[in-house]
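Thanks for coming. I will go through one structure today, so please have the model open in front of you.

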Amino acid sequence: MQKFFLAALLDNKPGVLTHISGLISRRAFNIESISAGYTEEPDVTRINIVVSVENERELAQVTTQLAKLIDVIKIVNLSEVDSIKRELVLIKVRATKETRADIINVVNIFRARIVDVSKENVVIELTGEADKIDALSEVLSEYGIIEIARTGAIALSRGPVPVKEM
């Protein structure tokens with residue numbers, strides 16, 4: 001399976017995210033992550049989708065089907081262009097007096113931030129590529145991860161050309 005990163009611009013209407021995810025899942029393609037949000041234009045929603053498909057032919061099927069939806073303005077495969085991809089994670093980790101200093105060192109090495117502290121745990125925030133988040137999670141698992149919340153990937157193309165003009 002190959003992962004591809006798609007950016008879709010759509011009319012900002014209720015149910016748009018449901019239509020997109022439903023169309024992809026009905027075709028039996030796996031959505032690795034999906035996130036939606038407003039853009040610089042208030043009437044446009046941007047949906048970032050990481051989809052797993054067997055090959056580029058299946059990817060073409062996905063993008064062709066998505067393009068047929070009435071609310072879709074533009075779909076761009078950001079995997080084909082130089083782009084910046086990021087994900088946000090919050091990780092709640094067990095922390096005792098004995099382990100807290102070690103956890104702080106790990107957080108600093110990964111350039112993460114501690115955003116909450118209690119007697120029994122700390123909450124760590126990290127923004128980065130999926131590999132970096134996976135590596136931090138692996139190291140922190142030694143201390144006991146209580147809970148993880150990940151946003152899924154978002155991306156922007158590098159350079160001056162926005163997705164709407166690609």
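Let me start with a backbone detail: just after helix H1, Ala28 has a positive phi of about 65°. Keep in mind throughout that this is a predicted model.

Now H1 itself, which covers residues 16-26. Which of its residues are buried? They are Val16, Ile20, Gly22, Leu23 and Ile24. What do these buried residues pack against? Their partners are strand S1 (2-11), S2, S3, helix H2 (56-67) and S4.

That brings me to the cores. The largest nonpolar core has 17 residues, and Ile20, Ile24 and Val51 are the ones that touch the most other members. S1, H1, S3 and H2 are the elements that each contribute two or more residues to this core. A second core, separate from that one, has 16 residues, among them Val89, Ile91, Ile103 and Leu136.

Back to Val51 for a moment. Setting aside neighbours within four places in sequence, Val51 contacts Gln2, Lys3, Phe4, Leu6, Ile24, Phe29, Asn30, Glu32 and Leu59.

Next, two loops. Thr39 sits in the loop between strand S2 (30-38) and strand S3 (44-53). Where does the Thr39 side chain reach? One target is the backbone oxygen of Glu41, at 3.0 Å; another is the backbone oxygen of Val44, at 3.1 Å. Beyond four places in sequence, Thr39 touches Leu9, Val44, Thr45 and Arg46.

The other loop runs between strand S4 (72-77) and strand S5 (83-94), and Val81 lies in it. Leu78 is found in that loop too, between S4 and S5. Is Leu78 buried or exposed? Leu78 counts as buried because its relative accessibility is 0%. Its contacts, leaving out residues up to four places away in sequence, are Phe5, Ala7, Arg46, Ser83, Lys85, Ala155, Ser157, Val163 and Met166. For a sense of distance, Leu78 and Ile109 are 31 residues apart in sequence and 29 Å apart in space, C-alpha to C-alpha.

Val81 is another matter. With a relative accessibility of 31%, Val81 counts as partly exposed. Together with Val161 and Met166, Val81 makes a nonpolar surface patch of about 190 Å². So why can Val81 be in a patch at all? Patch residues need over 30% relative accessible area, and Val81 is at 31%.

Met166 therefore comes up twice: as a contact of Leu78, and as a member of the patch with Val81 and Val161.

That is what I have.

Notes: Residues numbered from 1 in each chain as written. Predicted model: local features only at pLDDT ≥ 70, side-chain atom pairs only at ≥ 80, totals over all residues. Heavy atoms only, no water. Patch = residues over 30% accessible without salt bridge, like charges linked within 9 Å, V, L, I, M, F, W, Y side chains within 5 Å. Areas by Shrake-Rupley, 256 points an atom, 1.4 Å probe, with all protein chains shown as cover. Salt bridge = Lys/Arg side-chain N within 4 Å of Asp/Glu carboxyl O. Helix = DSSP H or I, 4+ residues; strand = E, 2+ residues; numbered from the N terminus. Buried < 20%, exposed > 50% of the residue type's maximum accessible area, 1.4 Å probe, protein only. Polar contact = N/O pair within 3.5 Å; in protein donor to acceptor, adjacent residues only side chain to side chain. Contact = heavy atoms within 4.5 Å. Core = buried A, V, L, I, M, F, W, Y, C linked by side-chain atoms within 4.5 Å.
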